[in-house]
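Good morning, everyone, and thank you for making the time. Please have the sequence and the model open while I talk, and I will go from the whole chain to a few chosen residues.

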Amino acid sequence: MDQYVVVGNPIAHSKSPSIHKYFAEQTQQELTYSTLLGDDVQFERQVRDFFANSGKGMNITLPFKERAYAMCDVLSKRAEQAGAVNTLLMSENGDIFGDNTDGFGMVRDITHNHGRVLTGKRVLILGAGGAVRGVLEPLLSEKPESVTIANRTVEKAQALAEHFDCLASTFEGLEGEFDIIINGTSASLSGNLPPLKDELAGSKTWCYDMMYGKERTVFLQWADDHGGKGADGLGMLVGQAAEAFYLWRQVRPDTASLVALMRKQMEAS
Ligand code: NDP
């Protein structure tokens with residue numbers, strides 16, 4: 001049976017095995033998908049050994065996405081722009097091909113599952129870490145009117161803005177109402193909110209938090225308090241996995257039913 005694996009450290013709580021098993025059942029594909037605890041010293045060797053032993057594809061998660069990027073022979077455009085990969089496969093001539101499906105997963109969630117239009121919109125993205133870098137190319141390809149990156153360490157926002165040809169700001173320097181605000185900071189993980197002015201969101205603003213969880217995140221509560229609407233990043237997680245599945249199997253699984261199921265399970269837990 002074709003073997004797939006997700007590598008990270010820690011990895012025990014990864015949702016990827018159950019997501020891919022669901023996709024495999026749904027599309028009637030015969031495969032196995034397991035976790036592999038990434039080794040800080042031996043990571044590159046783990047990847048090469050996996051493919052040498054007929055492994056078909058890997059997902060890469062924290063903290064190895066940049067190291068995986070560095071060892072690819074061929075990269076997709078979006079992986080090249082992201083400077084990180086989350087999906088690997090081996091081509092017929094033995095090259096390691098790397099892709100980054102995180103941004104695709106997010107943009108598809110926003111535009112397909114939530115029916116939001118990014119084209120022509122004034123977009124604000126909070127944070128300038130790996131997740132934001134990974135989504136900028138697919139986000140910009142939707143042709144928003146403008147994308148402003150705001151980050152606590154403004155130099156990081158400036159570096160990304162220069163690379164992707166968009167705008168950079170401190171949180172304090174932001175002005176006026178945005179159409180779409182995307183939270184790509186890890187502040188929500190600790191229940192914190194970047195210092196956002198009231199004027200940034202209004203009734204026309206739609207907010208997206210890359211983080212997801214049982215409770216509505218502090219960022220989405222802020223959106224609610226400002227008359228806006230919003231969604232969390234569960235659909236992004238499932239969407240990036242679906243795109244990886246498609247790269248490996250050339251079959252596109254349905255994501256809506258899995259998002260609904262995972263939401264139900266999360267709420268019941
Ligand atoms: P990084 O560690 O690379 O970056 C963290 C970012 O958050 C930095 O910009 C950092 O600012 C900022 N930040 C952290 N704490 C605060 C705070 N208290 N106030 C303001 N800014 C803060 O993390 P990632 O980019 O990998 O991940 C970011 C988020 O995206 C996480 O919540 C993660 O769970 C989520 N994510 C979700 C995915 C999904 O599939 N749904 C996929 C990938 C990520 P500074 O530069 O100043 O330190």
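Let me begin with the contacts along the chain: if we take those between residues at least 6 apart in sequence, then 60% of them join residues at least 24 apart. I should say early on that what you see is a predicted model, and I will try to keep that in view throughout.

As for the overall make-up, the secondary structure of the chain comes to 10 helices and 12 strands. The radius of gyration is 19 Å, close to the 18 Å that the globule rule gives for 269 residues, so the chain is as compact as a globular protein of that length. Taken along the principal axes, the C-alpha atoms fill a box of roughly 55 × 40 × 30 Å, and buried residues make up 44% of the 269 residues.

Now to the annotated positions, which come from an unreviewed UniProt entry. Which residue does the annotation "active site" cover? In that entry it is Lys65, and in the model this lysine is found in helix α3, which spans residues 65-70. Is Lys65 buried or exposed? With 24 other C-beta atoms within 10 Å, where 20 or more are needed, Lys65 counts as buried. Leaving aside neighbours within four places in sequence, Lys65 is in contact with Ile60, Ala84, Val85, Asn86 and Gly130.

The same entry also carries the annotation "binding site", and the residues covered include Asn86, Asp102 and Gln240, along with Ser14, Lys15, Ser16, Thr61 and Tyr212. I would like to follow two of these a little further.

Asp102 lies in helix α5, residues 102-113, and it is buried, with 31 other C-beta atoms within 10 Å. Not counting residues up to four places away in sequence, Asp102 touches Asn86, Ala131, Gly134, Val135 and Gln240.

Gln240, for its part, has its place in helix α9, residues 234-249, and is likewise buried, with 27 other C-beta atoms within 10 Å. With its neighbours within four places in sequence set aside, Gln240 is in contact with Asn86, Thr101, Asp102, Phe104 and Gly105.

If you follow one residue through these lists, let it be Asn86: it is in contact with Lys65, with Asp102 and with Gln240, and Asn86 is itself covered by the "binding site" annotation. That is where I will stop, and I am happy to take questions.

Conventions
Residues are numbered from 1 along each chain as its sequence is written. This is a predicted model: local features need pLDDT of at least 70, side-chain atom pairs count only at pLDDT 80 or more; totals for chains, interfaces and linings use all residues. Helices (H or I, at least four residues) and strands (E, at least two) are DSSP runs, numbered from the N terminus. The radius of gyration is taken over C-alpha atoms; the globule rule is 2.2 Å times the number of residues to the power 0.38. A residue is buried if 20 or more other C-beta atoms lie within 10 Å of its own, exposed if 12 or fewer, and partly exposed in between; C-beta atoms are placed from the backbone. Two residues are in contact if their C-beta atoms, placed from the backbone, lie within 7 Å. UniProt positions are given in the numbering used here, feature names are shortened, and annotations may be inferred rather than shown by experiment.
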